[in-house]
Amino acid sequence: MTGTQRQHDRGGEGERVSLTADAIAGITGGTLHGDGTRCVHAVASLERATADDVSFLAGTRYAAQFAASRAGVVLVPPDLEEGAPGPGCRIVVRDPYAAVLALLPILHPIRTEDGRGVHPTAILGERVTLGADVTVGAYATVGDDVVLGDGTRVGPHCTLEPGVRTGTGCRLVSHVTLYSGSVLGERVILHAGVRVGSDGFGYIFRDGAHRKVPHVGRCVIEDDVEIGANSTIDRGSIDDTVIGAGTKIDNLVHIAHNVRIGRGCLIMAQVGIAGSARIEDGCIIAGQAGLSGHNAIGRGARIAAQAGVISDIPAGEAWSGYPARPHREMLRAQAALLKLPDLVRTVEQLVRERAASAREEPRE
């Protein structure tokens, strides 16, 4: 690539690639103002950036950081192109976020394994099927009848129980556990500590004890799903637990048995979804929200952080609070609640005045 230069790895993320300002303008489709030969080799925030970094100005709220920034190159939107003090080498782009997204894979390539194949310390069971260019890392355990698709990478200390299936291009980072009955589509990414396919929390009280309900359903993770570190997804009891294609799940999320999540959903950290909930395509569930079981969340619904959902949510609506309700309704209720102390003081004052007036009335 013109304007690029290979550079020694200094950040632990693989080989670095340096780019000139001219090359960045070409990659992002932007207009360069300043020295086109200026060279950078990493992406950094405005505050942390040095002359060797490219950064971006997303809006006027970051004007102070922009003015003080030492970034070598900055991506700016058209409305902030002129007049703002700050680094002189600027590339005007329509969407700075999208431009950075185009640069990150180039300047920060993901480190890949030095070699393919099965590490000498890994344990493979019987009748294991390995596709082309599969990597199985140190001390990983792969059970009987497991099938790993082409280009799948199984990291160190992962455990795949018998009968697990993965599609092509999957990545299991490290310490990932896939229980029997787990099925992964293509290009699935599971970060460290993810547990897929464990038994759900199902018990029946009989004869003075909680009797475990056997779980025989599968846990199906469809194509292009990414699941963050230490998240857990239970298998179905009889039906399947399903995570739809393109859904992204943050760290420390729990999804219970028989849950079905649609395509292209976003689920943030510490969300808990109880059994048999149904979440349709394109939903967004913010951090620490809790969803009770057997409820349906309509297509494109949005659930605010720390909401407690105990009923169905219609498609396209935004809900918040506990118990969760339409967001505008919750805001009105919250505003009324904030007025309550003043109302109580007013009522107390009226009661005191009434009592004082009663004491002052002459007796007949």
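Here are some numbered notes on a predicted model, meant for someone opening it for the first time.

1. Start with helix α3. This helix covers residues 96-107, which is 12 residues. From first C-alpha to last, α3 reaches 16 Å, close to the 16 Å expected at 1.5 Å a residue. Just at its start, look for D95: a side-chain oxygen of D95 comes to within 3.1 Å of the backbone nitrogen of Y97.

2. Which residues of α3 are buried? They are P96, A99, V100, L103 and L107. Looking down the axis of α3, the buried residues fall within an arc of 95 degrees, so they line one face of the helix. L101 and P105, on the other side of α3, are exposed.

3. Next, the nonpolar cores. In soluble globular proteins, nonpolar side chains tend to be buried together. Here the largest nonpolar core has 50 residues, and the members that touch the most others are L190, I221 and I273. I273 is a handy one to click on: setting aside neighbours within four places in sequence, I273 is in contact with H254, I255, A256, V259, I261, I267, I279, I285 and L291. Apart from this core lies another, of 17 residues, with A21, C89, L103 and L107 among them. You've met L103 and L107 already, as buried residues of α3.

4. Now the cysteines. A disulfide is a covalent bond between the sulfur atoms of two cysteines. How many disulfides does a search of the whole structure find? The count is zero. Take C89: the closest cysteine sulfur to its own is in C39, 11 Å away, and that is too far for a bond. C89 counts as buried, because its relative accessibility is 5%, under the 20% cut-off. C158 is in no disulfide either, as the nearest cysteine sulfur, in C170, is 12 Å away. C158 is buried too, with a relative accessible area of 0%.

5. From C158 you can hop to S174, which sits in the loop between β17 (171-172) and β18 (177-178). Not counting residues up to four places away in sequence, S174 touches G155, P156, C158, H191, A192 and G193. Buried or exposed? S174 counts as buried, at 18% relative accessibility.

6. H257 is another loop residue worth a look. You'll find H257 between β29 (254-255) and β30 (260-261), and its relative accessible area of 15% makes it buried. Its contact list runs to G200, F201, G202, H215, D234, R235, G236, S237, T241, G275 and S276, leaving aside neighbours within four places in sequence.

7. G86 lies in the loop between β7 (73-76) and β8 (90-92). G86 is partly exposed, with 33% relative accessibility. Beyond its neighbours within four places in sequence, G86 is in contact with F66 and A67. If you want a sense of scale, draw a line to G287: the two glycines are 201 residues apart in sequence and 35 Å apart in space, C-alpha to C-alpha.

8. While you're at G287, check A305. A305 is in the loop between β37 (302-303) and β38 (308-309), and its contacts, without neighbours within four places in sequence, are A286 and G287. The C-alpha atoms of A305 and A289 are 5.4 Å apart in space, with the two positions 16 residues apart in sequence numbering.

9. Finally, some backbone oddities. Most residues other than glycine have a negative phi, and most peptide bonds are trans. Where is there a cis peptide bond? One joins Y322 and P323, with omega about -10 degrees. P323 belongs to the loop between β39 (318-320) and β40 (325-326).

10. As for phi, N230 has a positive value of about 60 degrees, though it is not a glycine. N230 is in the loop between β25 (226-227) and β26 (232-234), and counts as partly exposed at 45% relative accessible area. H294 also has a positive phi, near 70 degrees, and is not a glycine. H294 sits in the loop between β35 (290-291) and β36 (296-297). At 64% relative accessibility, H294 is exposed, whereas N230 is partly exposed.

Conventions:
Residues are numbered from 1 along each chain as its sequence is written. This is a predicted model: local features need pLDDT of at least 70, side-chain atom pairs count only at pLDDT 80 or more; totals for chains, interfaces and linings use all residues. Side-chain values use heavy atoms; hydrogens and water are left out. Helices (H or I, at least four residues) and strands (E, at least two) are DSSP runs, numbered from the N terminus. The expected span of a helix is 1.5 Å times one less than its number of residues. Buried means under 20% relative accessible area, exposed over 50%, partly exposed in between (1.4 Å probe, protein chains only). The arc is that of the directions from the helix axis to the C-beta atoms. A polar contact is a pair of N or O atoms within 3.5 Å; within protein, one must be able to donate a hydrogen and the other to accept it, and residues adjacent in sequence count only if both atoms are side-chain atoms. A nonpolar core is a set of buried Ala, Val, Leu, Ile, Met, Phe, Trp, Tyr and Cys residues joined through side-chain atoms within 4.5 Å. Contact means heavy atoms within 4.5 Å. A disulfide is a pair of cysteine sulfur atoms within 2.5 Å.
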